[in-house]
Amino acid sequence: MRPFLYDLGELPELGSFFPLEGPIMEAQKEAAKLFGSSETWFLVGGTTCGIQAAIMATCSPGDTLILPRNSHMSAISAMILSGALPHYIFPEYDSDWEVAGGVTPSQIEKAVKELETKGTKAAAVFVTSPTYHGICSDLSAICHLCHSYGTPVIVDEAHGAHLGFHPQMPKSALQQGADLVVQSTHKVLCSLTQSSMLHISGSIVNRERIRRCLQILQSTSPSMLLLASLDAARAQISKNPETIFNEAMELSTEAKSSIEKIPGISLLDFPSFSSFPAIDPMRLTLGFWKLGLSGYEADEILSRDQKVIPEIVGTRSITIVISMGTCRDHLLRLVAGLKQLSEAFLPFLGEVDDGVINSGQEPLPFTNVSVQLSVRDAFFASKRRVNIRESLGEICGELICPYPPGTPVLCPGEIITEEALDYLLGVRVNFGLIAGPSDPTLSSIFVCE
């Protein structure tokens, strides 16, 4: 019952969101000091709310937003709200892992020049770093490039609120010069689920416009439990920011050392994504194809036998997250489970090949994108429901993406391709969750008239 005692309204003693005042304002100022921003806003609508506000604050209807095609679905919804038009970058993709990487400075530069040839420029550049699998882009170079054009950089750092708090971790997006950064404080730090932070730095972005967007998107009755948990997470880090992740880093190093010795288990590392400066050491992405197992099959066994619950389950791998709450027993169970998998399945496959085994899977399904309508126009267009087998070549009328990690495969306004449908149905066969469609079985789909 104790949480209910603290589920208070906006009392004078607690301050308020709109207008921002009192203890809430002071808590946000303390967070800005810790994370190194000019100003920080607490979010009770998750990082989704922060991404929507960041894009709405930098893009007006008809403006162009440069972003990776594998951006989170909240970036797509932000384009519906803002009327921005996407200019997609297709990230590197490792077919053996079936994992997409980040974006490179050269990809950003190419996109900027493509827009120049059309007589336009980007209103903002949106980057996800780290990715759901922990792959970090070179944000310093990207920010330097974009700022030379006067273009703000928005970073979806949902999975990187901890970055920069240990010498062996990659630098944070703010430390690398990003203008707007959105963090899911609840994912790796210790605030309550749904609570996040939006940080601003520099002078390119209009701060007042951010405030107006947040006032539109945020609840006028914010949960004091969520807000207090954000302040508590900040206070926890502030006590010893240089050492608080020491134990977690040591556990990560020990776990990697043990896992690398297990035959048939692959560990995602730089050889797979050599174009990027770092991979978050707090994420362990493990592949099982040398054992003849999918990520879904490995997850089922590990969950059943060792009570190991991954952050992400994919067709070829699972990703484990290490945090301040991780203890040695957790990782011992993980290593024990991996050893059992190796011992159970490796004998049936013979000698493990040290080289890379080609997956033979289809290429990334959303590389061949043909946009017929803007996301916003398609969202508001008249639609009809058709059988999935009759949808090829039609204009998609709804957002469809596997979750996690919430990466859209089909967006409103795009032509429906056979590759995308095959991929989505494959996820469904493997019991993956597909978010967005009105028919979760994907027997049918809404298309635009």
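Visitor: Which residue in β19 does Arg384 stand opposite?
Guide: This is a predicted model. Strand β16, residues 383-387, is joined to β19 by 5 bridges, and the two run antiparallel. In β19, the residue opposite Arg384 is Val447.

Visitor: Is strand β19 largely enclosed or left open, and how many of its residues are buried?
Guide: Strand β19 covers residues 444-448. Buried means under 20% relative accessible area. The strand is largely enclosed by the rest of the structure, because the buried count is 4 of the 5 residues.

Visitor: Where is Leu442, and what is its phi?
Guide: Leu442 sits in the loop between β18 (433-435) and β19. Leu442 is buried, with a relative accessible area of 3%. Although Leu442 is not a glycine, its phi is positive, at about 60°.

Visitor: What is the phi of Glu98 near?
Guide: Glu98 lies in the loop between β4 (93-94) and β5 (99-100). Its relative accessible area is 17%, so Glu98 is buried. The residue is not a glycine, yet phi is positive, near 55°.

Visitor: What is the strand order in the open sheet of 7 strands?
Guide: The pairing in this sheet is mixed. β1 (39-43) and β3 (85-89) stand at the edges, each with a single partner strand, so one side of each has no neighbour in the sheet. From one strand to the next, the twist averages 20°. The order is β1-β10-β9-β8-β6-β2-β3.

Visitor: Which residue in β3 stands opposite Ile66?
Guide: Strand β2, residues 64-68, is joined to β3 by 5 bridges. These two strands run parallel. Opposite Ile66 in β3 stands His87.

Visitor: Which strands of this sheet does α5 touch, and what angle does its direction make with that of β3?
Guide: Helix α5 packs on the sheet. The strands touched are β2, β3 and β6 (122-128). With the direction of β3, the direction of α5 makes about 140°.

Visitor: Which helix lies across β1, β9 and β10?
Guide: The strands in question are β1, β9 (180-183) and β10 (196-200). The helix runs at about 5° to β1. It spans residues 207-217 and is α8.

Visitor: How are α5 and α6 oriented to each other: roughly parallel or roughly antiparallel?
Guide: The axes of α5 (residues 105-117) and α6 (residues 139-148) come within 9 Å and cross at roughly 20°. The crossing is right-handed. Angles under 35 degrees count as roughly parallel. Therefore α5 and α6 are roughly parallel.

Visitor: Which residues of α6 meet α5?
Guide: From α5 come Pro105, Ile108 and Glu109. By class, the contact of α5 with α6 has 6 nonpolar, no polar and 1 charged residues. On the α6 side are Ala141, Ile142, Leu145 and Cys146.

Visitor: Which residues does Asp138 touch, beyond those up to four places away in sequence?
Guide: Asp138 lies in the loop between β7 (135-136) and α6. Its relative accessible area is 30%, so Asp138 is partly exposed. The C-alpha atoms of Asp138 and Val447 are separated by 38 Å. Asp138 touches Pro105, Gln176 and Pro277.

Visitor: Is Thr58 buried or exposed?
Guide: Thr58 is found in helix α3, residues 46-58. Leaving aside neighbours within four places in sequence, its contacts include Asp63, Ala123 and Pro152. With a relative accessible area of 12%, Thr58 is buried.

Visitor: Which strands stand at the edges of the open sheet of 4 strands?
Guide: The order is β11-β13-β15-β14, with antiparallel pairing. Each edge strand has a single partner, so one side of each is left without a neighbour in the sheet. The edge strands are β11 (266-267) and β14 (312-313).

Visitor: Which residue in β13 stands opposite Ser266?
Guide: β11 and β13 (residues 283-287) are joined by 2 bridges and run antiparallel. Helix α10, residues 246-259, packs on the sheet and touches both β11 and β13. Opposite Ser266 stands Gly287.

Visitor: Which residue does a cis peptide bond join to Ser129?
Guide: Omega of this bond is about 0°. The partner lies in the loop between β6 and β7. That residue is Pro130.

Key:
Residues numbered from 1 in each chain as written. Predicted model: local features only at pLDDT ≥ 70, side-chain atom pairs only at ≥ 80, totals over all residues. Heavy atoms only, no water. Buried < 20%, exposed > 50% of the residue type's maximum accessible area, 1.4 Å probe, protein only. Pairing = 2+ DSSP bridges. Axes fitted to C-alpha atoms, helices over the stretch in contact; angles between N-to-C directions. Parallel < 35°, antiparallel > 145°, perpendicular 65-115°, else oblique. Left-handed = near helix turned anticlockwise from the far one by under 90°. Contact = heavy atoms within 4.5 Å. Nonpolar A, V, L, I, M, F, W, Y, C, P; charged D, E, K, R; others polar.
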